[in-house]
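Here is a short report on one stretch of a protein chain. Look over the sequence and the 3D view before reading on.

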Amino acid sequence: MAIRMDGKEVASFHRDRIGRSVAAFTEKTGHRPTLAVVLVGDDPASVSYVTSKKAACEEVGIAHRDWHLPSDTSQEELLDLVAELNGNAEVDGILVQFPTPPQIDDERIMLAIAPEKDVDGLNPVNAGLTLMGRDSLVSCTPKGILAILDYYRIETDGRRVCVIGRSNLVGKPIASLLMQRGRDATVTVCNTHTRNLSSITLESDIIIVAAGHPHTLTADMVKEGAVVIDVGTNRVEDSSRERGWRLVGDADYATVRLKASHITPVPGGVGPMTITMLMDNTLIAAERRAGVTA
């Protein structure tokens, strides 16, 4: 039976650390690290995510400034706001909640955010620096995955890692990070066109599944003792729940945990770490802009 890697526990550990560093930074500089949060429209999932991020800011002592724009906001209006926030000396990090309404090109907005304030780590400058192994603001979910592996003392040096999913948000950056010196993993990146996927997963010591589909990873695809990081968050119908649905990951948790040595649950695994690493990135951005370390 696999050890359940509790993302909430790891997040609590890091939020304590971040909170102490934020307090020290504020005392040293007289400035609280500040995150600008921009939400366009009223999509329930986006509203929920933004609410969680604000709560995390308050928990660790980071200041947040909020802009809730109407759903008919034009791309030019949003770009103007981003430009204003880029130039605002009081703002250390900028978070635009994606996806935005259809009249807005998310990639254009991503490109417009100043790299030094890109706390989501999605600007191509930060993505490129991450690929090169240089200091950067690292995409939050991959950074959270590494924090979970470290907390549970999962060794990556020389181990075979299979990443299922090639998104710019998770798959590509986590593969890049695990290949860097100091991590030294041998990484295979798979996708929906990969033939005989199980032949790769069965040889893997660590499997990171971020495909966006339930049951992408099943027990017959996992060797005994493998570590499984499940990044998926999928809604499936469940008449036993009052709301009529429940969240599941990309791995068949009930059966995979019988073969794996460690596994992250959904919910309660990688999710809490993504928001926590957003807080960490905001602190790092503030420290770099001030030229000090708490």
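Two residues are in contact when heavy atoms of theirs lie within 4.5 Å. Keep that cut-off in mind below. The model is predicted.

## The annotated site

UniProt lists Gly 165, Arg 166, Ser 167 and Thr 233 under "binding site". The entry is unreviewed. Such annotations may be inferred rather than shown by experiment.

## Gly 165 and Ser 167

Start with Gly 165. It sits in the loop between β5, residues 160-164, and α7, residues 171-179. Is Gly 165 buried or exposed? Its relative accessible area is 9%. Buried means under 20%, so Gly 165 is buried. Leave aside its neighbours within four places in sequence, and Gly 165 is in contact with Gly 171, Val 189, Cys 190 and Ala 210.

Ser 167 is also found in the loop between β5 and α7. Its relative accessibility is 32%. Partly exposed covers the range between the buried limit of 20% and the exposed limit of 50%, so Ser 167 counts as partly exposed. Not counting residues up to four places away in sequence, Ser 167 touches Lys 172 and Pro 173.

## Gln 180

Next comes Gln 180. Its place is in the loop between α7 and β6, residues 186-190. The relative accessible area of Gln 180 is 18%. That value falls under the 20% cut-off, so Gln 180 is buried.

Which backbone oxygens does the side chain of Gln 180 reach? One belongs to Leu 131, and it lies 3.2 Å from a polar atom of the Gln 180 side chain. Another belongs to Ser 176, and the Gln 180 side chain reaches it at 3.2 Å. Now set aside neighbours within four places in sequence. Gln 180 is in contact with Thr 130, Leu 131, Met 132 and Gly 133. Leu 131 thus appears both in this contact list and in the pairing with the Gln 180 side chain.

## How α6 meets α7

Helix α6 spans residues 140-151. The axes of α6 and α7 come within 9 Å. They cross at roughly 45°. Why are the two helices called oblique? Angles under 35 degrees count as roughly parallel, and 65 to 115 as roughly perpendicular. The crossing angle of roughly 45° fits neither range, so α6 and α7 are oblique to each other. Their crossing is right-handed.

Both helices supply residues to the contact. From α6 come Pro 142, Ile 145, Leu 146 and Leu 149. From α7 come Pro 173, Ile 174, Leu 177 and Leu 178. Pro 173 of α7 is also touched by Ser 167.

How values were computed. Residues are numbered from 1 along each chain as its sequence is written. This is a predicted model: local features need pLDDT of at least 70, side-chain atom pairs count only at pLDDT 80 or more; totals for chains, interfaces and linings use all residues. Side-chain values use heavy atoms; hydrogens and water are left out. Helices (H or I, at least four residues) and strands (E, at least two) are DSSP runs, numbered from the N terminus. Buried means under 20% relative accessible area, exposed over 50%, partly exposed in between (1.4 Å probe, protein chains only). A polar contact is a pair of N or O atoms within 3.5 Å; within protein, one must be able to donate a hydrogen and the other to accept it, and residues adjacent in sequence count only if both atoms are side-chain atoms. Axes are lines fitted to C-alpha atoms, for helices over the stretch in contact, and angles run from 0 to 180 degrees between N-to-C directions. Angles under 35 degrees count as roughly parallel, over 145 as roughly antiparallel, 65 to 115 as roughly perpendicular and the rest as oblique. A crossing is left-handed if the near helix is turned anticlockwise from the far one by less than a right angle, and right-handed if clockwise.
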